[in-house]
Structures are given as C-alpha cells and as structure tokens.
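Subject: Handover of a structure

Dear colleague,

Please find below the structure that I am passing on to you. My notes on what was found follow directly after it.

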Amino acid sequence: MDKPANSSTIIADPPLIAKPQVDLDTLTLIDSDTLEDSYVYVHCHFQNRWRNMLIRIWRTTYLIDKSSSSRSKLIHAENITYAPQWTLIPDGIDYTFLLIFSGLPKSCTRFDLLEEIAQPGGFFIPDISRNDQDVYHINVE
C-alpha cells in the first residue's frame, strides 16, 4: 500500500473473530481440491490523518514465513484497489480493508507482511505471531 512514511503497528490483543461462514449449498459447488486449501485473513486498519489520502495495494504483497522464507500470495483484496488504481479515503475517516492470502506452511509460527514494490511507500510489518485462526488485525499508519 502506498502511504506516507510512518510506522506500522500490530494490534496487540485483537478481538477473536471467526473465519467467514459459507453455507453448505455453496460448499458443494466448490471443487474439492479448493476446500483443502487454507487462507490467511489480514484485516488492515488505517487511521487517516491526512487530506485527500489515496491508498492502494500491489499484487506483489506477501506473507513470508520467518523460518522457511516461504511466500504466501495475495489472493484477494476487499475495500481497497489494486495498483495502478487508487482508493480515496475521506478526510479524517478511519478505514479498514481486508487482504486474503494463500495458506502459510503448517510449521510457520512467525511471519512478515511485505508489500514488495519498486518505489518508496510499500509497507513492511515484521514478526507477526501466528494464531490458530489465521485471522489478524493490523494497524497500518
């Protein structure tokens, strides 16, 4: 996400939120190989302190396992546009978006979130502790 050069923080004790529920009719229509995949949900919370703030996410955003350097790809983004498009954040409004990644290795206990871009403004959130739900809440400042 392109943003002003400020720090990013992890919410220390986010509320426990269950993974989204899918009804049985939908599940029966999904390829069985897909059902065995796991996903990682990263809820990003952005406190907009600027005027006319524009943000976006690059498809080259990954979760990187600290022990194996394995990369989980960004699968889907909600409430934020992919580069080169921009999302305008209203002045002074706190904004939330969701990033969905492919599953991390089962052995992973800590990982980094990296937006890998060839220009300034990408974000990096190091050393996130993995939890059983694979649902995370992160403050992006």
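Leaving aside its neighbours within four places in sequence, which residues is serine 102 in contact with? The contacts are Ser38, Tyr39, Val40, Ser72, Lys73 and Ile75. Please bear in mind throughout that this is a predicted model.

Serine 102 belongs to strand β7, which covers residues 94-102. Strand β7 runs antiparallel to β5, and four bridges join the two. Within this pairing, leucine 74 stands opposite phenylalanine 101 of β7. Arginine 71 is 31 residues away from serine 102 in sequence, yet the C-alpha atoms of the two are 8.8 Å apart in space.

Strand β5 (residues 71-78) also pairs with strand β4 (residues 61-65), again in the antiparallel sense, over three bridges. Here arginine 71 in β5 has isoleucine 64 opposite. The two strands form a hairpin with five residues between them. In its turn, serine 69 has a positive phi of about 65°.

Overall organisation

The chain contains two helices and ten strands. Read from the N terminus, the order of elements is β-α-α-β-β-β-β-β-β-β-β-β. Of the 141 residues in the chain, 35% are buried. Among contacts with a separation of 6 or more, 73% are between residues 24 or more positions apart. The chain exposes about 8400 Å², of which carbon and sulfur atoms supply 53%.

The nonpolar core

In soluble globular proteins, nonpolar side chains tend to be buried together. The largest nonpolar core of this model has 27 residues, and those that touch the most other members are Val42, Ile55, Ile57, Leu63, Leu99, Phe101 and Leu113. Two or more residues of this core come from each of β2 (39-47), β3 (53-55), β5, β7, β8 (110-115), β9 (124-129) and β10 (135-140). Leucine 113 may serve as an example: leaving aside its neighbours within four places in sequence, its contacts include Val42, Leu63, Phe101, Phe124, Ile125 and Ile138. Thr61 and Tyr62 are also in contact with leucine 113.

Aromatic pairs and cysteines

How many aromatic pairs does a search of the whole structure find? The search finds two. Phenylalanine 46 and tryptophan 50 form a stacked pair, 6.1 Å centre to centre with 20° between the planes. Phenylalanine 46 is buried, with a relative accessible area of 1%, whereas tryptophan 50 is partly exposed, at 26%.

The other pair, phenylalanine 111 with tyrosine 136, is edge-to-face, with 5.2 Å from centre to centre and 75° between the planes. Phenylalanine 111 lies in strand β8 and tyrosine 136 in strand β10, so this pair ties together parts that are 25 residues apart in sequence. Phenylalanine 111 is buried, with a relative accessible area of 0%, and tyrosine 136 is buried as well, at 5%.

Turning to the cysteines, the structure holds zero disulfides. Cysteine 44 counts as buried because its relative accessibility is 0%, under the 20% limit for that class. By the same limit of 20%, cysteine 108 counts as buried at 5% relative accessibility.

With kind regards

Methods. Residues are numbered from 1 along each chain as its sequence is written. This is a predicted model: local features need pLDDT of at least 70, side-chain atom pairs count only at pLDDT 80 or more; totals for chains, interfaces and linings use all residues. Side-chain values use heavy atoms; hydrogens and water are left out. Two strands pair if DSSP finds at least two bridges between them. Contact means heavy atoms within 4.5 Å. A nonpolar core is a set of buried Ala, Val, Leu, Ile, Met, Phe, Trp, Tyr and Cys residues joined through side-chain atoms within 4.5 Å. Buried means under 20% relative accessible area, exposed over 50%, partly exposed in between (1.4 Å probe, protein chains only). Accessible areas come from the Shrake-Rupley method with a 1.4 Å probe; for residues, only the protein chains shown count as cover. A disulfide is a pair of cysteine sulfur atoms within 2.5 Å. Rings of Phe, Tyr and Trp (its six-membered ring) pair if their centres lie within 6.5 Å; planes under 30 degrees apart count as stacked, over 60 as edge-to-face and the rest as tilted.
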